[in-house]
Amino acid sequence: MVLAEPRTDAAEIDPVASEPASDPRPSRLWRPRRVLVTPAALEHAHGRAMVARAEALGLPVERLAANRLTGLRNPDPRIAYREAKATLAIVVAPPTKLKLQPIPPSADWRFDLAEGCPAHCQYCYLAGSLSGPPVTRAYANLDAILDNLPAYLGQGAITSTQADRAQEGTTFEASCYTDPLGIEHLTGSLSAAITRFGAWDAPVQLRFTTKFAAVQPLLGLAHNRRTRIRFSVNARSAARYEGGTASLDARLAALREVAEVGYPVGLTIAPILPVPNWRDAYAGLIRDVAGALSGVKSIDLTVELITHRFTPGSKSVLQGWYPGSDLPMTETERSRKLTKFGSVKYVFPRDMMQSMRSWLTGEIQRTLPARILYWT
């Protein structure tokens, strides 16, 4: 199976989601059309600070009478999608968010600064992970979220116990359910977390991955090399699936910027797809990365390789959001697997997986000064 060449009937895909993907310029900072804030969020200094940021940008802020978000559903999934994707809700993270979950193979623990993402990626795994309309929820009780992390120091089963990654210390992943850089101009939460980790005198590492490029607020922070910034990248021919994100060139320029000020950096090559002439396409990506990092001294670069997969639930949601997408999700062309929770997912056939893994890992090792952390 190889993906078809890009389609020309792009109008069949939601224009809100598809148009930015073909724009070679960096994406503009997200400006939600609605900003909702709950009474509980206003009890926190960070919640009030986020409201002030939104108002300073001239965004309409609606102060809700209760702590529930209502009126966001619509029977038409495309309308519900559009309205939710244009909404930022400033809320308080529920107590369950303070009970951290492991996040293999990326890191020891996952913690959330927010939930939801303003991008329009046609393969978005959040479609099968989060329930309800895809509103971006930013958490106002940031101090409680960060104060909770030391209890997990030295725990975990990834970097805390694996000899080949022990130098990373206890790792905390902050981008499982959001892209924290894509909303940083509205929240300031990522800068606060980087600063907190920078002052944490312990073997720890904050990790996040992003498809955005507005790294300027992060460049002057006292990170003390305790935050690894990874950029999610893909072959250029896959860009049409990533609406509303920064261009590959903008991401690679941002990668260089943060590496130059001493951040450990990384690539999340995802989702790996069998695009036409995939070897040439991914070789071009790897060469572009090498060029972007040329001359950067003392670089600490990792690579994570993630193939495309989907579940019946995520496929249903994504096809409702992007009915004209040509993203390949035909079950008969995939291998059926069971997750550790007993649910079904569809991955590429074994022969294709082995071929792509062997070629990509070899090309990375030949071209980049990088450690490959995992393939999945």
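**Exercise 1. Arg-34: how exposed, and which contacts?**

Work out whether Arg-34 is buried, partly exposed or exposed in this predicted model, and find which residues Arg-34 is in contact with beyond its neighbours in sequence.

*Solution.* Step 1: read the relative accessible area of Arg-34, which is 33%. Step 2: compare this value with the cut-offs, where buried means under 20% and exposed means over 50%. Arg-34 is therefore partly exposed. Step 3: place the residue; Arg-34 belongs to strand β1, residues 34–37. Step 4: leave aside the neighbours within four places in sequence, and the contacts of Arg-34 are Pro-60, Glu-62, Leu-72, Ala-86, Thr-87 and Leu-88.

**Exercise 2. The span of a helix**

Check what helix α10 (residues 350–367) should span, and find which parts of the protein its buried residues pack against.

*Solution.* Step 1: helix α10 has 18 residues, and at 1.5 Å a residue the expected span is 26 Å. Remember that the rule multiplies 1.5 Å by one less than the number of residues. Step 2: the end C-alpha atoms of α10 are 26 Å apart, which agrees with the expected span. Step 3: look for the buried residues of α10; among them are Met-352, Met-356, Trp-359 and Ile-364. Step 4: follow the buried residues of α10 to their partners, which are β13 (265–272), α8 (278–292), β14 (301–307) and β17 (370–375).

**Exercise 3. Backbone details to look up**

Find where cis peptide bonds join Pro-104 to Pro-105 and Ala-270 to Pro-271, then look at the phi values of Asn-277 and Ser-298.

*Solution.* Step 1: omega is about 0° for the bond between Pro-104 and Pro-105, and Pro-105 sits in the loop between β4 (101–103) and β5 (107–110). Step 2: for Ala-270 and Pro-271, omega is about -15°; Pro-271 is part of strand β13. Step 3: Asn-277 is not a glycine, yet its phi is positive, about 50°. You will find Asn-277 in the loop between β13 and α8, and with 58% relative accessibility it counts as exposed. Step 4: Ser-298 also has a positive phi, near 50°. Ser-298 lies in the loop between α8 and β14 and counts as exposed at 67% relative accessibility.

**Exercise 4. The whole protein**

Decide how the radius of gyration of the protein compares with the globule rule.

*Solution.* Step 1: count the elements, 10 helices and 17 strands. Step 2: the radius of gyration is 20 Å, close to the 21 Å the globule rule gives for 376 residues, so the protein is as compact as a globular protein of that length. Step 3: add that 55% of the 376 residues count as buried.

Conventions
Residues numbered from 1 in each chain as written. Predicted model: local features only at pLDDT ≥ 70, side-chain atom pairs only at ≥ 80, totals over all residues. Heavy atoms only, no water. Helix = DSSP H or I, 4+ residues; strand = E, 2+ residues; numbered from the N terminus. Buried < 20%, exposed > 50% of the residue type's maximum accessible area, 1.4 Å probe, protein only. Contact = heavy atoms within 4.5 Å. Rg over C-alpha atoms; globule rule 2.2 N^0.38 Å.
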